[in-house]
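Me: I should like to understand how the terms used for a protein model are justified. Please take each term in turn and set the value against its definition.

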Amino acid sequence: SSGINAEWPLRPGEIDPSGTARGFYGCAVGKGKQNAKTEIEKLDLSNMTCKELVKEVAKVIYSVHDEVKDKHFELELSWIGKETRGTHQLVPQDIYNEAKTYAEEALNDSDDDDTDM
């Protein structure tokens, strides 16, 4: 099952100060949002499961965090979907652990690639 589909039509959105509403398959807010948005746009969100999306979002968060300029952060992941029957919940601990490990390994692989040059 995909993360977003006709059976579950809810998706992230925003309303700007003028009252214009926009819906998204994925969006970013806060510090680093432009870099995160660029990374999110590269993903095939409509063909991914929620579990896959959580892993990719964790990877994006780690990839846009600048360890030199930014303070240490604690990764927090939550979701709304069929898995939660439409309620906002923290992702289960096993999915959180898998996503965090996936993101950290991707970051380490990226760092290794950078030092190989």
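Reply: The turns below go through the terms one by one.

Reply: This is a predicted model, in which local features need pLDDT of at least 70, side-chain atom pairs count only at pLDDT 80 or more, and totals for chains, interfaces and linings use all residues. Residues are numbered from 1 along each chain as its sequence is written, and side-chain values use heavy atoms, with hydrogens and water left out.

Me: What makes a stretch of the protein chain a helix or a strand, and how many of each are there?

Reply: Both are DSSP runs, numbered from the N terminus: a helix is a run of H or I with at least four residues, and a strand is a run of E with at least two. The protein chain has three helices and four strands. Their order along the sequence is β-β-α-α-β-β-α. Helix α2, for instance, covers residues 50-64.

Me: Why is Thr-84 called buried or exposed?

Reply: Buried means under 20% relative accessible area, exposed means over 50%, and partly exposed lies in between (1.4 Å probe, protein chains only). Thr-84 has 5% relative accessibility, so Thr-84 counts as buried. Thr-84 is placed in the loop between β3 (78-79) and β4 (89-90). Of the 117 residues in the protein chain, 23% are buried.

Me: Why is Arg-85 called buried or exposed?

Reply: The relative accessible area of Arg-85 is 78%, and therefore Arg-85 is exposed. Arg-85 also belongs to the loop between β3 and β4.

Me: What is notable about the phi of Arg-85?

Reply: Most residues other than glycine have a negative phi. The phi of Arg-85 is near 55°, a positive value in a residue other than glycine.

Me: How do you know which residues Thr-84 is in contact with?

Reply: Contact means heavy atoms within 4.5 Å. Once neighbours within four places in sequence are set aside, Thr-84 is in contact with Trp-79 and Gln-89. For the protein chain, among contacts between residues at least 6 apart in sequence, 44% join residues at least 24 apart.

Me: What makes Lys-42 and Glu-39 a salt bridge?

Reply: A salt bridge is a side-chain nitrogen of Lys or Arg within 4 Å of a carboxyl oxygen of Asp or Glu. The N to O distance between the side chains of Lys-42 and Glu-39 is 3.0 Å, and the two meet in a salt bridge. Side chains of opposite charge can pair when their charged atoms come close. By this rule the count comes to three salt bridges.

Me: How exposed are Lys-42 and Glu-39?

Reply: Lys-42 has a relative accessible area of 59%, so Lys-42 is exposed. Glu-39 has 29% and is therefore partly exposed. Glu-39 sits in helix α1, and apart from neighbours within four places in sequence, Glu-39 is in contact with Val-60 and Ser-63.

Me: Why are Lys-51, Lys-55 and Glu-98 called a network?

Reply: Lys-51 and Glu-98 meet in a salt bridge, with 3.4 Å from N to O. This pair links distant parts of the chain, with Lys-51 in helix α2 and Glu-98 in helix α3 (residues 93-115), 47 residues apart. Glu-98 also forms a salt bridge with Lys-55, where the closest N and O atoms are 3.5 Å apart. Because Glu-98 lies in helix α3 and Lys-55 in helix α2, the pair ties together parts that are 43 residues apart in sequence. Salt bridges thus link Lys-51, Lys-55 and Glu-98 in a network.

Me: What does Glu-56 make with the side chain of Tyr-102?

Reply: A polar contact is a pair of N or O atoms within 3.5 Å; within protein, one must be able to donate a hydrogen and the other to accept it, and residues adjacent in sequence count only if both atoms are side-chain atoms. The side chains of Glu-56 and Tyr-102 make a polar contact at 2.6 Å. Glu-56 is buried yet has no salt bridge. Not counting residues up to four places away in sequence, Glu-56 touches Leu-43, Met-48 and Tyr-102.

Key. Lys and Arg count as positive and Asp and Glu as negative; His and the chain ends are not counted.
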